[in-house]
Amino acid sequence: MRRTSLLIALSLGLSPASAWAQSEPVFSPGEVRAHVEFLADDLLGGRDNGTEGFDIAARYVSSRFDAMGFKPGGTEGWYQPVNIAEYVLNADKPAQLAVGTKKFAAGEDLLVAPSPRYGEDTQTLTADAVFVGHGRDEDYAGLDVTGKFVVATLTPPPGVTPGKLDKAMIAGKHGALGLIYVVTPDNLKGAFPWAQAVMYFQQPQTNWLAPDGSPKGENPGLKIGAYVKGAAADALFKGAPMSAAQVYAKIAEPGGMPGSFALKQRVTLERTSIVTVKKSENVIGILPGSDPKLASEYVVISAHLDHEGTQPGIEGDDKIFNGAMDNAAGVATMLEAARAFKQSGKRPRRSILFVALTAEEDGLIGSEFMARYPVVGSGKVVADVNLDMPILLYDFQDVVAFGAEHSTLGQIVERAAAKMGVTLSPDPMPEEQLFVRSDHYSFVKAGVPSIFLVTGFKNGGEKAFRDFLKTNYHKVSDDLKQPFDWQAGAKFARINYLIAREIADADQEPRWYEGNSFGMRFAKDAPKAPRPAGAPAAGAPAAAPTSVLTIKVQPAVKN
């Protein structure tokens with residue numbers, strides 16, 4: 001975009017608050033367009049977190065909040081700072097494991113992840129090792145593992161769902177120095193693709209850091225973790241009461257418990273990580289609630305502000321991932337809905353947090369940080385409505401609210417849409433499992449009923465959506481050359497306003513349905529609503545799409 005367009009967009013976006021003195025909000029296609037044109041301009045360089053372009057976008061959003069008369073909602077004015085670590089193993093100093101006199105380099109029979117903690121310093125840790133079977137609390141009975149490596153099966157105990165037992169936290173609680181997972185031949189045939197894992201651990205990784213420096217705020221107390229198989233596993237069990245092969249056989253038995261015992265071989269693990277810490281921020285404006293009894297309850301309207309930045313190595317003259325639809329359009333929707341609240345002259349009963357989140361593209365980092373460290377003081381977040389990549393290319397006649405079937409938010413969306421002659425459609429792509437793939441899911445994991453709202457498939461929407469995914473999603477072509485329908489942008493802002501207005505003004509906060517798996521897992525003790533006829537019955541929460549990324553859940557590799 002030319003610089004003159006950028007200046008026009010900025011001037012439109014900064015229209016004075018005094019012009020909003022109307023009793024009923026009017027939703028402006030021009031305002032939506034101004035926000036998108038500013039945020040998706042080439043001068044912002046694709047808004048990658050930690051860059052000047054993102055900082056400019058963040059200042060733009062905070063200036064809008066300021067002009068609307070909102071209260072700063074961050075820990076530092078409008079901003080909630082987030083430290084983001086980018087880290088990778090130093091290829092010049094490969095990680096290695098020594099078991100007695102035998103050494104194993106990372107790759108063939110050893111996996112070690114990089115650490116976001118230690119910068120370029122090399123960790124070299126030497127200690128005795130103890131096998132703790134499945135790694136349950138009871139497997140430590142009679143053992144002293146303080147300052148030692150514990151070795152545990154990757155396989156969960158009989159009757160325990162994979163991922164439900166936090167073996168790293170248990171190991172750290174008992175004073176272990178590090179945790180080494182034993183990957184069995186059966187694991188390799190199933191959920192642990194070794195070759196893919198090797199490639200994954202060699203790639204740079206990104207994570208948010210808690211104030212104490214721990215990644216994702218999880219600090220099991222361990223210094224290092226690793227995975228072993230084959231010859232490395234055989235070496236660990238040399239001279240022990242059971243060989244590695246005998247351990248594998250015992251695990252394979254129905255209800256098999258391999259027991260716990262000290263290992264004979266002394267262990268050394270070594271790795272060198274290169275770490276860069278970037279500083280970014282969530283941008284938060286508060287519209288305080290008017291009801292003294294409800295003002296401490298907060299409705300979150302969220303949209304991620306970041307995109308993929310600039311990539312000089314790609315082919316062609318255009319190197320900038322402008323992210324016009326993903327997610328300048330979502331931020332523009334959020335800002336226009338916020339303006340409507342101010343323009344209406346009627347404060348909501350509950351308080352509303354309007355949030356532009358950082359680092360969604362790097363793994364929901366900004367929303368995870370905010371969900372872990374809410375900015376509401378003694379108050380509580382009661383709902384999140386998340387706006388991510390609405391396809392503003394056609395006059396949508398329906399909307400999709402991913403997660404609508406899990407809580408009373410679905411009924412609220414349906415009523416709001418009906419006021420505009422718009423219908424609520426079910427998830428048209430359940431195979432994509434989109435409910436667990438955007439920022440709202442961070443709030444779900446904190447127990448908060450949440451939805452992810454997009455334009456629907458009716459009236460040409462399916463073709464527009466699928467064509468965008470095929471042609472422009474996460475490509476440099478997601479820019480302002482697309483044929484935006486700005487009237488659709490204003491319409492989408494209006495429906496989001498109506499949704500947020502009903503949530504904020506209702507006597508009762510949104511609730512998970514009785515028996516819903518997400519509510520039972522993440523908000524077990526919270527009040528539930530009766531499940532309406534036709535709503536899905538309880539079931540296991542959907543997992544993220546299958547990929548090697550699932551190995552990231554093992555806490556042993558987070559330190």
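Two strands are said to pair when DSSP finds at least two bridges between them. In this predicted model, strand E1 (residues 71–72) meets that condition with strand E13, to which 2 bridges join it in an antiparallel arrangement. Within this pairing, Lys71 stands opposite Ile286 of E13.

The protein chain as a whole provides the setting for this strand. Its secondary structure comprises 15 helices and 21 strands. The C-alpha trace spans about 80 × 55 × 45 Å along its principal axes. For 559 residues, a compact globule would have a radius of gyration near 24 Å, and the 26 Å of the protein chain agrees with this. Of the 559 residues, 57% count as buried. Among contacts with a separation of 6 or more, 82% are made by residues 24 or more positions apart.

Strand E13 (residues 267–287) merits a closer description. Because 16 of its 21 residues are buried, that is, under 20% relative accessible area, E13 is largely enclosed by the rest of the structure. Beyond E1, several other strands pair with E13. Strand E2 (residues 79–89) runs antiparallel to E13 over 11 bridges, and Pro81 stands opposite Glu281 in this pairing. Strand E3 (residues 96–99) is likewise antiparallel to E13, with 4 bridges; here Ala98 faces Thr268 as its opposite residue. Strand E6 (residues 122–127) adds an antiparallel pairing of 6 bridges, in which Thr272 of E13 is the bridge partner of Thr122. Finally, 5 bridges join E13 to strand E17 (residues 351–357), again antiparallel. Ile286, which stands opposite Lys71 of E1, has Leu353 as its bridge partner in E17. In a regular strand the side chains alternate between the two faces of the sheet.

A further sheet can be traced separately. Six strands form an open sheet of mixed pairing, in the order E5-E11-E9-E8-E7-E12. Its edges are strand E5 (110–111) and strand E12 (261–262), each of which pairs on one side only. At the E12 edge, 2 bridges join strand E7 (residues 129–131) to E12 in the antiparallel sense, and Val130 stands opposite Ala262 of E12.

The description closes with the surface and the charges. The protein chain exposes about 22,800 Å², of which carbon and sulfur atoms supply 53%. There are 57 positive and 63 negative side chains, and the centres of these two sets lie 4 Å apart.

Note on methods
Residues are numbered from 1 along each chain as its sequence is written. This is a predicted model: local features need pLDDT of at least 70, side-chain atom pairs count only at pLDDT 80 or more; totals for chains, interfaces and linings use all residues. Side-chain values use heavy atoms; hydrogens and water are left out. Buried means under 20% relative accessible area, exposed over 50%, partly exposed in between (1.4 Å probe, protein chains only). The radius of gyration is taken over C-alpha atoms; the globule rule is 2.2 Å times the number of residues to the power 0.38. Contact means heavy atoms within 4.5 Å. Accessible areas come from the Shrake-Rupley method with a 1.4 Å probe; for residues, only the protein chains shown count as cover. Lys and Arg count as positive and Asp and Glu as negative; His and the chain ends are not counted. The place of a charge is taken as NZ of Lys, CZ of Arg, CG of Asp or CD of Glu.
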